[in-house]
Amino acid sequence: MREWDELDLVPLSALQHYSYCPRQYGLIYLEQVWDENIYTMKGRWAHERADEEADKLREDVQILTALPVGSDLYGLVGKCDVVELHNGIPYPVEYKHGRLKSSIHDELQLCGQALCLEEMFGVPVVRGVVYHISSKHRREVEFTPELRRQVWEVAEEIRELNASGVLPQAVYDARCTDCSLQESCMPEVTDGHLSQDWADWSEAKRALAVDGS
Ligand code: SF4
C-alpha cells in the first residue's frame, strides 16, 4: 500500500471544492482564503442541523454523527456528518442546504466518505444519501466503479496541485455567480482568456501607435 505523507492526505471536502473549481480549492487550501456568502452560511447551517435532522428522520436506525474517517488506500481524511448503520452496514448521509438538485461535486464527497467507511468497517458500502434540508429530500447515490475512479483521479490531481503550489487560473463562467470567493478571486480580471484578450488589445494598440508615428 502507498505510504502517504501527511500533506498528501486529501480532505473529503476538498473533493467537492476542487471538482467545482480547481481555483476555488487553491484559494482555500493553498492560500487560506475563505469568504462567507449566503451559500457558505447556509452550508454551515446545514452541517449544524445534521445531528438534529438525523435524530428526527431515522429513529429506526443506529446513527453516528461527526464521525472522523480516513482511507489509507485512497489517501483521504475527513469527517462524516451522519452515518446510519443498517444492520451494521454504514450508510453515509451528507447534509446540504437547498432543494433537491443533482451535483457530481456532492457525490464525489459522499463517495469519498464511503471509501473511508469501507476500510474502517471492513464491509462494502454501495450507496449513501445526499439529504437536501429545504426540500427534506433524500437523494440516494450509488457508489459505482466510475464514481470511485473519479474520486481517485480528483484526489491525485489535488496532490499534484499541492506539490506544484501553483494557484490555478480563473475561468470566468456561470460557476462564479454562486462562488463565495468571487471577491478574492476576481475572475473578471484573472481569467486566462480575458487576460489574453487584454494582452492582444494592448499589443494592437501599441502597434497602431508605432504605425501612426
Ligand atoms: S470566482 Fe469563479 S474562478 Fe474564482 S474560484 Fe470561484 S468559481 Fe473559481
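The points below describe a predicted model of a single chain, from its overall layout to selected helices, spaces and loops.

1. Overall layout. The chain contains eight helices and six strands. In sequence order these elements run β-α-α-α-β-β-β-α-β-β-α-α-α-α. Of contacts between residues at least 6 apart in sequence, 64% join residues at least 24 apart.

2. Burial and surface. The chain has 213 residues, and 42% of them are buried. Its accessible surface amounts to about 11900 Å². Carbon and sulfur atoms account for 54% of that surface.

3. Helix H1. This helix covers residues 12-20. Seven of its nine residues are buried, so H1 is largely enclosed by the rest of the structure. The buried ones are Leu12, Ala14, Leu15, Gln16, His17, Tyr18 and Tyr20. They pack against strands E1, E2 (62-71) and E3, and against helices H2, H4 and H5.

4. Helix H2. Residues 22-30 form H2. Its buried residues are Arg23, Gln24, Tyr25, Gly26, Leu27 and Ile28. The packing partners of these residues are H1, H5, H6 and helix H7 (187-190). Gln32, just after H2, has a positive phi of about 50 degrees.

5. Length of helix H5. H5 runs from residue 145 to residue 164. At 1.5 Å a residue, its 20 residues should span 28 Å, and the C-alpha atoms at its ends are 29 Å apart, which agrees. After the helix comes Gly165, with a positive phi near 70 degrees.

6. The two sides of H5. Which residues of H5 are buried? They are Leu147, Arg148, Val151, Val154, Ala155, Ile158, Arg159 and Leu161. Viewed down the helix axis, these residues fall within an arc of 160 degrees, so they line one face of H5. As background, an α-helix has 3.6 residues a turn, so residues three or four places apart point the same way. Pro145, Glu160 and Ala163 are exposed on the other side of H5. The cover over the buried residues of H5 includes strands E1 (10-11), E3 and E6, together with helices H1, H2 and H4 (104-121).

7. The cavity. How many cavities of 30 Å³ or more does a search of the whole structure find? The search finds one. The largest cavity has a volume of about 110 Å³, and 15 residues line it. Those nearest its centre are Cys21, Cys176, Cys179, Cys185 and Pro187. H2 and helix H6 (182-185) are the elements that give two or more residues to this lining. H2 supplies the largest share, with three residues.

8. A pocket beside H2 and H5. The second largest pocket has a volume of about 180 Å³. Its lining consists of Glu6, Leu7, Asp8, Leu9, Pro11, Tyr25, Tyr29, Leu30, Arg159, Asn162 and Ala163. The elements giving two or more residues to the lining of this pocket are H2 and H5. Some of its lining residues have been mentioned above: Tyr25 is buried in H2, Arg159 is buried in H5, and Ala163 is exposed on the other side of H5.

9. Asn87. This residue sits in the loop between strand E3 (76-86) and strand E4 (89-96). Its phi is near 50 degrees, a positive value in a residue other than glycine. Is Asn87 buried or exposed? Its relative accessible area is 82%, and the cut-off for exposed is over 50%, so Asn87 counts as exposed.

10. Lys136. The loop between strand E5 (127-132) and strand E6 (137-142) holds Lys136. Lys136 is not a glycine, yet its phi is positive, at about 50 degrees. With a relative accessible area of 51%, Lys136 is exposed.

11. Tyr172. This tyrosine is found in the loop between H5 and H6. Its relative accessibility is 39%, so Tyr172 counts as partly exposed. Tyr172 and Val189 are 17 residues apart in sequence, while their C-alpha atoms are 8.8 Å apart in space.

Key: Residues numbered from 1 in each chain as written. Predicted model: local features only at pLDDT ≥ 70, side-chain atom pairs only at ≥ 80, totals over all residues. Heavy atoms only, no water. Helix = DSSP H or I, 4+ residues; strand = E, 2+ residues; numbered from the N terminus. Buried < 20%, exposed > 50% of the residue type's maximum accessible area, 1.4 Å probe, protein only. Expected span 1.5 Å × (residues − 1). Arc of directions from axis to C-beta. Contact = heavy atoms within 4.5 Å. Areas by Shrake-Rupley, 256 points an atom, 1.4 Å probe, with all protein chains shown as cover. 1 Å grid on protein atoms, 1.4 Å probe; cavity = no way out; pocket = protein on both sides within 12 Å on 5 of 7 lines; lining within 4 Å. Points joined across faces, edges and corners; volume = space filled by probe spheres on them.
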